[in-house]
Amino acid sequence: MDKKTILSVLEELYKISGFRISLHTTSFEEIAAYPTEKLGFCSYIQTMGLGELDRCKSCDKEACEKVLKSGETLVYKCRHGLIEAISPLYNFGILTGFLMMGQVRIEGDGIDPMLLALAKIGKQDFEAREICAAIPSVKEDMIKSYVNIMTICARYLTLSNSITSAKQTVGRLAMQYINEHFTEKIGIRDVCNAIGYSKSTVLVAFKKEFGTTVNAYLTNVRLEKSKKMLLDDNITINEIALACGFSDQSYYSKVFSVNYGISPTDFRRDNRK
C-alpha cells in the first residue's frame, strides 16, 4: 500500500467535503483515515458498550455487501441518521478494500435519534446537545457532488494500484497484470513498473510460484488467445497477431510455429476441417 499517496488523497477529500474519510480492508478493518479520530458522537456511542460498536459494524457490513453486488458507490444513512458513503477499491480487478466517507448529517435534519442514542448511554440532555452540535452538517443538494468526488478518488486509487491485497503475492500480481494487459505491447519492465517491484524481485517470485518465467507466461497467454481467434475465418492472421500483442504477423507466425510445431495458417486449415 502506498500510504503517503493514500493519506494525501484522504486529506484533500476531507478539506473539500468536511466528511471524515477512511480506508478499510475487505473485512472492513480501518487502516487509514483523515482525521484519524472519529466523530465525537460515534466515539461516545461505540465505546460505551451495550453492543453499539457491533451494531455500527453490522450496518457498515450490510452497506459493503450492497456495494459488492452493484459495484457502485452507495450513499446511506446509519441507524442514527448520519450520512455515510462507501466505494469499492480494486487492484488489477481484485477487490482490496473500501473507501468510506461520512459521519455528517444533512443540514436541517432533526437530531432526535442522536439525542435518544446518547441518553441511552447516560448522557444528560445538555451534554448530548453539545455533542450533536459538533456533528458537521452539509446541505442536502451538495451530498451528491461530494460523493461524486469520492467516487473519482476511489477510481484514482484503483487505477494507480495504490492499494494491494495482503493475499496477493508478487507473482500473483504480475500474473494478474499480464492477464489484463497481454494485448498491449508490454514486457517485463512494464509489469514491474505496474506492480511496483524490481525486476529481480518479480523474476524470482514468479519463477518460484509458477515454475516458469514472466516472458514465457506472457507468450503462452498470447498464443492461447490467438489459437481461439484462429477458429474465426473472418479475422486475418495479421489482425490476430496485433490483437494479441505481437509486433507483426511474421514474428507471431515464427513464435507460433516454434511453440506448436505448426504455422498459424496450417493450424487454421486443420481446425477448419
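**Notebook: helix packing and ring pairs**

I began with isoleucine 178, which sits in helix α7; helices (H or I, at least four residues) and strands (E, at least two) are DSSP runs, numbered from the N terminus. The model is a predicted one, in which local features need pLDDT of at least 70 and side-chain atom pairs count only at pLDDT 80 or more, while totals for chains, interfaces and linings use all residues. Residues are numbered from 1 along each chain as its sequence is written, and side-chain values use heavy atoms, with hydrogens and water left out.

**Entry 1: isoleucine 178**

I looked up whether isoleucine 178 is buried or exposed. Isoleucine 178 is buried, at a relative accessible area of 0%; buried means under 20%, exposed over 50% and partly exposed in between, with a 1.4 Å probe and protein chains only. I then listed its contacts (heavy atoms within 4.5 Å). With neighbours within four places in sequence set aside, isoleucine 178 touches Val191, Val214, Tyr217, Leu218 and Val221. I also noted a C-alpha to C-alpha distance of 9.9 Å from isoleucine 178 to threonine 219, 41 residues apart in sequence.

**Entry 2: α7 with α10**

I took the axes next; they are lines fitted to C-alpha atoms, for helices over the stretch in contact, and angles run from 0 to 180 degrees between N-to-C directions. Helix α7 (residues 170-181) and helix α10 (residues 214-230) have axes that come within 10 Å and cross at roughly 30 degrees. I therefore log α7 and α10 as roughly parallel to each other. Angles under 35 degrees get that label, those over 145 are roughly antiparallel, 65 to 115 roughly perpendicular and the rest oblique. The crossing of α7 past α10 is right-handed: the near helix is turned clockwise from the far one by less than a right angle, whereas anticlockwise would be left-handed. On the α7 side I find Met175, Ile178 and Asn179, and on the α10 side Val214, Tyr217, Leu218 and Val221. I sort this contact into six nonpolar, one polar and no charged residues. Ala, Val, Leu, Ile, Met, Phe, Trp, Tyr, Cys and Pro count as nonpolar, Asp, Glu, Lys and Arg as charged, and the others, Gly among them, as polar.

**Entry 3: α7 with α9**

The axes of α7 and helix α9 (residues 199-210) come within 8 Å, crossing at roughly 95 degrees. I therefore enter α7 and α9 as roughly perpendicular to each other. Val170, Gly171, Arg172, Ala174 and Met175 of α7 meet Thr201, Val202, Ala205, Phe206, Glu209 and Phe210 of α9. This contact has seven nonpolar, two polar and two charged residues.

**Entry 4: α2 with α4**

I found the axes of helix α2 (residues 40-47) and helix α4 (residues 112-120) 10 Å apart, at an angle of about 40 degrees. α2 and α4 are therefore oblique to each other, and their crossing is left-handed. Phe41, Tyr44 and Ile45 in α2 meet Met114, Ala117 and Leu118 in α4. I count six nonpolar, no polar and no charged residues there.

**Entry 5: rings**

Rings of Phe, Tyr and Trp (its six-membered ring) pair if their centres lie within 6.5 Å; planes under 30 degrees apart are stacked, over 60 edge-to-face and the rest tilted. I get nine aromatic pairs by this rule. Phenylalanine 19 and tyrosine 146 are edge-to-face, with 5.7 Å centre to centre and 65 degrees between the planes. Phenylalanine 19 is in the loop between α1 (3-17) and β1 (20-24) and tyrosine 146 in helix α6 (residues 140-159), so the pair ties together parts 127 residues apart in sequence. Both phenylalanine 19 and tyrosine 146 are buried. Phenylalanine 246 and tyrosine 252 have ring centres 5.1 Å apart and planes at 50 degrees, so I log the pair as tilted. Phenylalanine 246 and tyrosine 252 are also buried. Ring pairs join Phe246, Tyr251, Tyr252, Phe256, Tyr260 and Phe267 into a cluster.
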